[in-house]
Amino acid sequence: MVQSLLPNILEFISHIDPFDKLPPELQRQLAGCVSITYLSRGEQIDFHPDDTRRFLYVIRTGVMEQRKANGVLRAKLGPQDLFGFTFLEDKAGGENEYSVAIAAESTLLYLIPHTDLHALLKEHPQYAEHFASQAQIRLQNALNVVWSDNDKGIFVKKVSEVATSFPAVVTSDMTIKQVAHEMRNVLRISTAVVKNKGRIVGVITDRDMTKRVIADGVSTDNPISEVMTKFPLTIGPNDLVLTAAALMMQNNIRSLPVVSGHKVHGLLTTTHMVQKNRIQAIFLIDTIKHTNTIKGLADLTQERQAIFEAMVEGKVSSEIIGQVMAMIYDAYNRRLIQIAEDKFGKAPCKFAWIVAGSHARNEVHISSDQDSALIVEDNATEEDMKYFKRMANFVCGSLGQCGFMLCPGNFMAANPKWLQKLSTWKRYYTKWVTVPDHETLLNTSVFLETRSIYGEAEFNDKLQKHLYKLIGQNRNFLSTLISDAVSVNPPLGIFNSLVLEKGGENSNTLNIKRYAITLVVDLARIYGLSVDCTSTNTEERFKQAFKKGVLSEDAFKNITGAYRFINQLRFLHQLEALKNGEVAGNNIDPHFFGSFERAHLKDAFRIISNLQDAAKLKFSGV
């Protein structure tokens with residue numbers, strides 16, 4: 001290399017990822033190793049695992065296309081993009097391997113020999129992950145740079161991290177005296193979980209002992225079952241402490257058994273949550289619960305936005321942000337239903353208000369719109385249905401006033417089509433699964449995930465059981481879903497106006513929801529249904545598919561890493577929009593992406609594309 005070019009090369013690479021993570025002296029060392037080559041349009045670089053002379057390529061100007069061995073496009077790369085990571089390892093690159101890179105236009109490349117890069121990273125191993133050959137490692141490293149779980153506070157920890165590990169567990173046939181002795185003298189704990197034949201049937205606290213035994217003069221020789229709280233609420237060990245705190249507030253209780261199945265893991269009490277680190281969401285939920293007017297609820301919009309901004313700035317994971325925002329959404333929704341019942345009178349018959357889509361998956365963001373429906377019991381009269389129509393119009397309209405956008409596709413309880421009796425809903429699902437068409441796929445993309453937030457939860461449970469039974473009997477439904485899921489491909493290049501929206505107010509922006517997030521959600525749905533996973537959560541569906549052997553470990557780690565990175569990038573974009581007084585949406589100006597974001601986005605897009613290909617092979621012939 002001509003030494004006069006060194007300052008120019010150093011200036012260029014020092015501002016792009018991952019070279020910008022290196023200290024200046026190492027940047028200069030690598031810049032001194034660079035050789036330069038020029039490719040005319042159509043010229044190509046062939047790659048073979050046994051090559052002795054390999055390079056990491058940096059595009060200075062121009063466009064390169066990576067092609068797999070079968071000629072399929074792997075990625076389209078532009079200025080500041082890198083390739084050659086795959087061949088940093090001695091083994092072949094597996095599913096991400098490519099065999100050729102072709103210049104789509106005249107291109108100038110900087111070449112860094114692998115031998116020089118290996119030597120530098122061996123001497124400075126702390127920087128090795130930035131240059132890892134596997135996309136999942138690079139993505140995880142990117143998450144660690146942009147996001148962190150440090151200082152996230154107690155309320156976004158898991159219950160298992162905070163709860164008492166050794167709860168008092170007693171049986172229902174024990175006397176009050178025996179239980180009191182167990183609680184005080186043996187375990188020295190203020191709450192006990194009561195079991196009968198291995199099942200949890202109640203809880204008893206020292207306060208209960210005071211109020212229900214001593215104050216009422218009950219004999220301590222009586223069985224504990226006479227004074228215990230029957231059918232207690234419980235919380236799972238993997239639930240958020242925030243979820244538990246909201247449950248306690250809504251039901252005015254001070255403790256929750258931590259349970260999975262019939263196993264008691266611990267006990268969570270209000271004492272565990274009296275710490276300095278608090279998140280404002282818990283207090284907003286309590287405020288919502290006691291607010292009696294639409295205006296009062298609407299006035300809390302700024303506080304909801306502030307909580308979202310604080311979590312993004314505080315580097316809380318995207319999964320937890322989605323859960324917290326869903327809990328706040330639930331609180332608004334429930335309170336407005338209660339206000340509707342105060343306004344129109346109590347519901348004339350049993351019903352369930354259900355949410356769907358991202359709300360049902362607990363993957364809510366600041367701009368999530370409304371996806372909801374009403375399930376009414378089958379003996380409802382025509383007058384009953386008119387009541388629920390008034391309720392639905394009031395609740396959906398009021399949510400809109402509180403900043404929850406009306407669904408553009410009208411998938412809301414206020415639409416009479418989605419306000420139906422349980423038997424009608426079952427007929428809907430039967431038709432959707434057995435005779436799928438374009439409209440069916442649109443409907444199922446929303447209503448394949450539902451969650452009851454008010455009323456008779458068993459209605460939604462019955463509907464979901466009906467759905468899974470139908471899918472089990474009609475496995476070709478998965479083939480239809482996969483055909484729809486791969487009809488849109490992730491962008492393999494996000495520059496030179498590629499895959500950008502055309503026309504309208506979002507012209508020349510990248511719709512990250514349409515071209516990335518929705519694709520991952522669709523794939524998770526298919527993999528989840530294939531293994532009868534009842535969870536609606538995207539990551540949990542992939543996890544179950546991995547555990548059942550339908551998804552490889554590499555594919556599981558790749559797709560979850562890609563999903564987290566894309567979601568978190570969206571949150572950063574929305575945060576910036578909110579701070580600028582703009583609408584926080586899913587359309588991102590490509591200028592928002594620096595080399596760091598663009599490089600890792602392309603990793604994520606390739607991962608999605610690879611999983612689409614794998615899903616087509618696996619499920620198209622189901």
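# Notebook: helix packing and a few odd corners

I opened with helix 19 (residues 512-530) and helix 21, whose axes cross at roughly 145° and come within 10 Å of each other. The crossing of helix 19 past helix 21 is left-handed. I listed who touches whom: helix 19 brings Ile512, Lys513, Ala516, Ile517, Val520 and Val521, while helix 21 brings Ile559, Tyr563, Ile566, Asn567 and Arg570. Sorted by class, the contact of helix 19 with helix 21 holds 8 nonpolar residues, 1 polar residue and 2 charged ones. A reminder to myself before going on: this is a predicted model.

**Entry: the whole protein**

I stepped back for an overview. I found 22 helices and 20 strands in the protein. How much of the protein is buried? Of its 622 residues, 53% are buried. I also looked at contacts with a separation of 6 or more, and 73% of them join residues 24 or more positions apart.

**Entry: helix 11 against helix 21**

Next I returned to helix 21 (residues 553-579) to see how helix 11 (residues 301-313) packs with it. I kept in mind that two packed helices are described by the angle between their axes and the distance between the axes. Here the angle is about 130° and the axes are 10 Å apart. How do I describe the pair in a word? Angles over 145 degrees count as roughly antiparallel and 65 to 115 as roughly perpendicular, with this pair falling among the rest, so helix 11 and helix 21 are oblique to each other. Helix 11 passes helix 21 in a left-handed crossing.

Which residues make this contact? From helix 11 I noted Gln305, Phe308, Glu309, Val312 and Glu313, and from helix 21 Phe571, Leu572, Gln574, Leu575, Leu578 and Lys579. The residues in the contact of helix 11 with helix 21 split into 6 nonpolar, 2 polar and 3 charged.

**Entry: Glu309 up close**

I picked Glu309, a residue of helix 11, for a longer look. Is Glu309 buried or exposed? Its relative accessibility is 16%, and the cut-off for buried is under 20%, so Glu309 counts as buried. Setting aside neighbours within four places in sequence, I found Glu309 in contact with Leu575 and Leu578. I also checked Glu309 against Gln574: the two are 265 residues apart along the chain, yet their C-alpha atoms are separated by 8.9 Å.

**Entry: Asp330**

Another acidic-looking name caught my eye, Asp330, which sits in helix 12 (residues 318-344). Asp330 has 5% relative accessibility and therefore counts as buried. What does Asp330 touch, leaving aside its neighbours within four places in sequence? I found His359, Arg451 and Ile453.

**Entry: cysteines**

I then went looking for disulfides. A disulfide is a covalent bond between the sulfur atoms of two cysteines. How many turn up in the whole structure? The search finds 0 disulfides. I looked at the surroundings of two cysteines as well. Cys402 has 0% relative accessibility, so Cys402 counts as buried. Cys533 has 7% relative accessibility and likewise counts as buried.

**Entry: loops**

Last, I walked through some loops. Gly549 lies in the loop between helix 20 (538-547) and helix 21. At 59% relative accessibility, Gly549 counts as exposed. The C-alpha atoms of Gly549 and Val531 are 9.3 Å apart, with the two positions 18 residues apart along the chain counted as their separation.

Where is there a cis peptide bond? I found one joining Asp17 and Pro18, with omega about 5°. Pro18 has its place in the loop between helix 1 (6-13) and helix 2 (24-31).

Then came backbone angles. Gln80 is not a glycine, but its phi is positive, at about 80°. I located Gln80 in the loop between strand 5 (73-77) and strand 6 (82-83). With a relative accessible area of 28%, Gln80 is partly exposed.

Asn410 is another residue other than glycine with a positive phi, near 60°. Asn410 is in the loop between helix 14 (382-401) and strand 17 (419-421). Its relative accessible area is 35%, so Asn410 is partly exposed.

Methods. Residues are numbered from 1 along each chain as its sequence is written. This is a predicted model: local features need pLDDT of at least 70, side-chain atom pairs count only at pLDDT 80 or more; totals for chains, interfaces and linings use all residues. Side-chain values use heavy atoms; hydrogens and water are left out. Axes are lines fitted to C-alpha atoms, for helices over the stretch in contact, and angles run from 0 to 180 degrees between N-to-C directions. Helices (H or I, at least four residues) and strands (E, at least two) are DSSP runs, numbered from the N terminus. Angles under 35 degrees count as roughly parallel, over 145 as roughly antiparallel, 65 to 115 as roughly perpendicular and the rest as oblique. A crossing is left-handed if the near helix is turned anticlockwise from the far one by less than a right angle, and right-handed if clockwise. Contact means heavy atoms within 4.5 Å. Ala, Val, Leu, Ile, Met, Phe, Trp, Tyr, Cys and Pro count as nonpolar, Asp, Glu, Lys and Arg as charged, and the others, Gly among them, as polar. A disulfide is a pair of cysteine sulfur atoms within 2.5 Å. Buried means under 20% relative accessible area, exposed over 50%, partly exposed in between (1.4 Å probe, protein chains only).
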